[in-house]
Amino acid sequence: MRKRIAFITVNVEKLYQTSLIEAMSQQSSALGYDLVVLTHFVNFDNETDHLKGDENIYTLLRQLSFDGAVIDSGSYYSRSLVQKLEDMLFEKGIPVIALDYISDRFESCIQNNRENFRQLTRHFTDVHGFRKIYCLSGPKGIIHSDQRIEGYRDALAEKGIPFRKEHIFYGDFWVNYPKTFAAEIAAGRIEMPEAIVCANDFMALQLCLSLEEHGISVPDDIAVGGYDGNPDVSSYQPSLTTFCSAYTENGIEAVCRLHELISGEAVKQRIKVNPAVKTGASCGCKANTSKDAAVSEKMFARDMNMSIFMHSNYSSMMNNVRNMDECAIVLTQNAYLLDPCTDFFLCLCSDSSAGSSGYTDTMLCRMAYCRGLSDITPRQFQLDNMIPQQEISDSPAVYIFTPLHYLDRNFGFCVRRCPTSIVFEPYYGEFCQVAANSIERIRMLDYEKLLNEKIQHLSERDILTGLFSRKGLIARTEKLSSDRRYFGVIYCIEGAEQLRRQYGREYVRQLIVCFAQAVNLSCARGELAARTGSEEFIMIGECDSSDFPEQLFINSLKSNLKAAEMQQNISISSMLRRLSAVTDSGKAPTEIIAQLEEKLESVRSSGNGSSSAFLEKIRELRCNVYEEPQLPWTAENAAADLGISTSYFQHLYRLFLDTSFNADVISARIALAERLLANTALNVSEVAERCGYPDASHFMKLFRRKKGMTASDYRKKVTATSRS
């Protein structure tokens, strides 16, 4: 991996910053380093969610590997952010250079303000012969202000001009103080000088404009000089006499010092710049426009590009994308808005829930624009590679990282790679933010889709129990094959309304949940279970070869329900009403749902008759028969237990269960015999005895009549089926 230098700065859309980055990149490249610029767009000092999302880009200081770093603290308005950045760099333990400011933690690299400002002041004394010269410095107590004042003092001393403290004025390095300063001069409260040398170009230009507004001609009445040679103000009038290239020379010096800290070796190849006074109309000289021409060409190109961007359909197109594929396509269609001499990469976190801090170890390059060609093939890459491996250049380059986010929701980052000259469109931040807004819209569309799916899923599920709803049961039953037979069982908790009045709604909810838990545990063979009404439940399963295929499920549910009742200290079993049904092969499985509900309604309709009092007891009796079919069950004993005659008992049994009591006992015993023959090594006589038939021959006749084969043949058939 090529060595890397991190440059932490802001306002990179300004020509001042791009000039600085370009000078640093040339020196970095000469020393074999990639220059990685980490920057954000909103240079304010507040705590908005958008600013938090913007500043997330600096977590790359922790996540990427660097050999050293340069931090441009003075470009940031937020002192708290600078503190965080310094903390991250200090914790990383790499060599760091503080660019143009004094740091307690890192080595500082400050431009030669004293000598440079001496040269600027000497231009006014030597070329123009001025003696009454004021110095408009920066804020008091700032090293840059103090050093420039010292340079001003040196120049005066060399010409034998007395230094007067009252000729020193402390400004703000911005445009506010020069307005007040010009007004004080115009009002006569400050005596008019011959010339004023300003500590930066912004103050100098504003002073020229404000003096002219008050009728004071520049340079005829007062000559003005600036400092920095800031290309961002070079197109304004009057053209400034200023000291140029000191900041780019200092950037080169910072890279050289950092290299010495990293390698322990002296720099053998240093990029040369020539800091010097550049004359302009503000001092009365003829403007030297040789360098301004190149800057003006850049600014003209920026203005033209800005016009193209403002009249493009980029934002509208991005507002209509519905997924990331469409987003990548639209970005490709609008890649012409980016300079073809630079490369662009849109990189997303591999986990969409990455959150608001940091980036994922694996990133996804979703769109690349390299050498004037676009590629929307999604490519994963490791974060420390910065971009996909196949896109890494053979020679050192500049990589400018900017955040991709919506408020404080982090999506990833954008990377601009500049092999040679640094080009950074003034609308680049807007270009990236439009992309981020579209990604947020796609995220919301995906979330809405997921939410709708969840709502759909919930509509097929009962919220209280987690079982299917009636709608969900029908939907799943419709998918069952009509070539097979299915059983259905419907349960109803009787007397629920009375319980609500007596014990409250929460108690009935507890009963329902308890029963549902037992149902879930009992669906071991893939049965479908649903809560189809407030206190109604339907279970549907595939039939086996037994006469009462639902009985295995019923017995399992009864056992699980007893355990649940003991655990929760409640009683449900005595309140349950149960009905069963079986579909014939070839019929739609959904018919069983209607069949069960019709049966329940029929039983409820006849519930006012005297026979209904025995319904629960007869159902309970049937469960007992199927649980222990080997016992000596007789209609006479059962009728006696109910306190009714045998004939009335047999009538009620057939009425409620569609079969006779004796036939039900035989079916229960045959069902037990099938399980014993299939799962044990007991001989036929032992099986007969276990099923309540002391006479084996009688058992064998019953089995053959019911199953159409002998017990031995049934065992052979089951064994052969299980082996195949």
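Colleague: Why is Phe243 called buried or exposed in this predicted model?

Modeller: In this predicted structure, Phe243 has a relative accessibility of 0%, and since buried means under 20% relative accessible area, Phe243 counts as buried.

Colleague: How do you know whether Tyr227 is buried or exposed?

Modeller: The reasoning is the one used for Phe243, because Tyr227 also has a value given as 0% relative accessibility, and a value under 20% is what buried means, so Tyr227 counts as buried.

Colleague: What makes Tyr227 and Phe243 an aromatic pair, and what kind of pair is it?

Modeller: Their ring centres are 5.9 Å apart, which lies within the 6.5 Å that a pair requires, and the planes are 10 degrees apart, which is under 30 degrees and therefore counts as stacked. Tyr227 belongs to strand E9 (residues 223-228) and Phe243 to strand E10 (residues 241-244), so the pair ties together parts that are 16 residues apart in sequence. By this rule the count comes to 27 aromatic pairs.

Colleague: Which residues form an aromatic cluster?

Modeller: One aromatic cluster is formed by Phe41, Tyr314, Phe344, Phe424, Tyr428 and Phe431.

Colleague: How do you know that Lys3 lies over the face of Tyr33?

Modeller: Lys3 is at 4.6 Å from the ring centre of Tyr33, and the distance part of the rule asks for a position within 6 Å, so that part is met; Lys3 is accordingly listed as lying over the face of the ring. Arg153 lies over the face of Phe163 at 4.0 Å from the ring centre, a value that also satisfies the limit of within 6 Å.

Colleague: What makes strand E8 a partner of strand E6, and in which sense do they run?

Modeller: Strand E6 (residues 133-137) and E8 are joined by 4 bridges and run parallel, and because at least two bridges are needed for strands to pair, E6 and E8 count as paired. Within this pairing, Tyr134 stands opposite Ile196 in E8. E8 is also joined to E9, by 3 bridges and again in parallel, and there Ile196 stands opposite Val224 in E9. Between these two strands the chain crosses from E8 through helix H8 (residues 201-213) to E9, and this β-α-β crossover is right-handed.

Colleague: Which way do the side chains of E8 point?

Modeller: In strand E8 (residues 195-198), Ala195 and Val197 point one way while Ile196 and Cys198 point the other way, and all are buried. In a regular strand the side chains alternate between the two faces of the sheet.

Colleague: Where are the cis peptide bonds that involve Pro219 and Pro238?

Modeller: A cis peptide bond with omega of about 15 degrees joins Val218 and Pro219, and Pro219 lies in the loop between H8 and E9. Another cis peptide bond, with omega of about 0 degrees, joins Gln237 and Pro238, where Pro238 sits in the loop between E9 and E10.

Colleague: What is noted about phi of Asp100, and why is Asp100 called buried?

Modeller: Phi of Asp100 is near 65 degrees, a positive value in a residue other than glycine, and Asp100 is placed in the loop between strand E4 (96-99) and strand E5 (107-109). Its relative accessibility is 19%, and because the limit for buried is under 20%, Asp100 counts as buried. Ser245, in the loop between E10 and helix H9 (246-263), has phi near 70 degrees, also a positive value in a residue other than glycine, and with a relative accessible area of 18% Ser245 is buried.

Colleague: In what order do the strands of the open sheet stand, and which are its edge strands?

Modeller: The open sheet of 4 strands has the order E19-E20-E18-E21 with antiparallel pairing, and its edge strands are E19 (528-531) and E21 (576-582), because each pairs on one side only. Neighbouring strands of this sheet are turned by 15 degrees against each other on average, direction ignored. E19 pairs with strand E20 (residues 536-542) in the antiparallel sense over 4 bridges, and Leu528 stands opposite Ile540 in E20.

Colleague: Which helix lies across strands of this sheet, and what covers the buried residues of H14?

Modeller: Helix H17 (residues 551-568) lies across strand E18 (486-493), E20 and E21, and runs at about 35 degrees to E18. In helix H14 (residues 470-477) the buried residues are Gly472, Leu473, Ala475 and Thr477, and their cover includes E19, E20 and helix H18 (591-605).

Methods. Residues numbered from 1 in each chain as written. Predicted model: local features only at pLDDT ≥ 70, side-chain atom pairs only at ≥ 80, totals over all residues. Heavy atoms only, no water. Axes fitted to C-alpha atoms, helices over the stretch in contact; angles between N-to-C directions. Contact = heavy atoms within 4.5 Å. Phe/Tyr/Trp six-rings, centres within 6.5 Å; stacked < 30°, edge-to-face > 60°. Buried < 20%, exposed > 50% of the residue type's maximum accessible area, 1.4 Å probe, protein only. Lys NZ or Arg CZ within 6 Å of the ring centre and 35° of its normal. Right-handed = clockwise from strand over helix to strand, strands pointing away.
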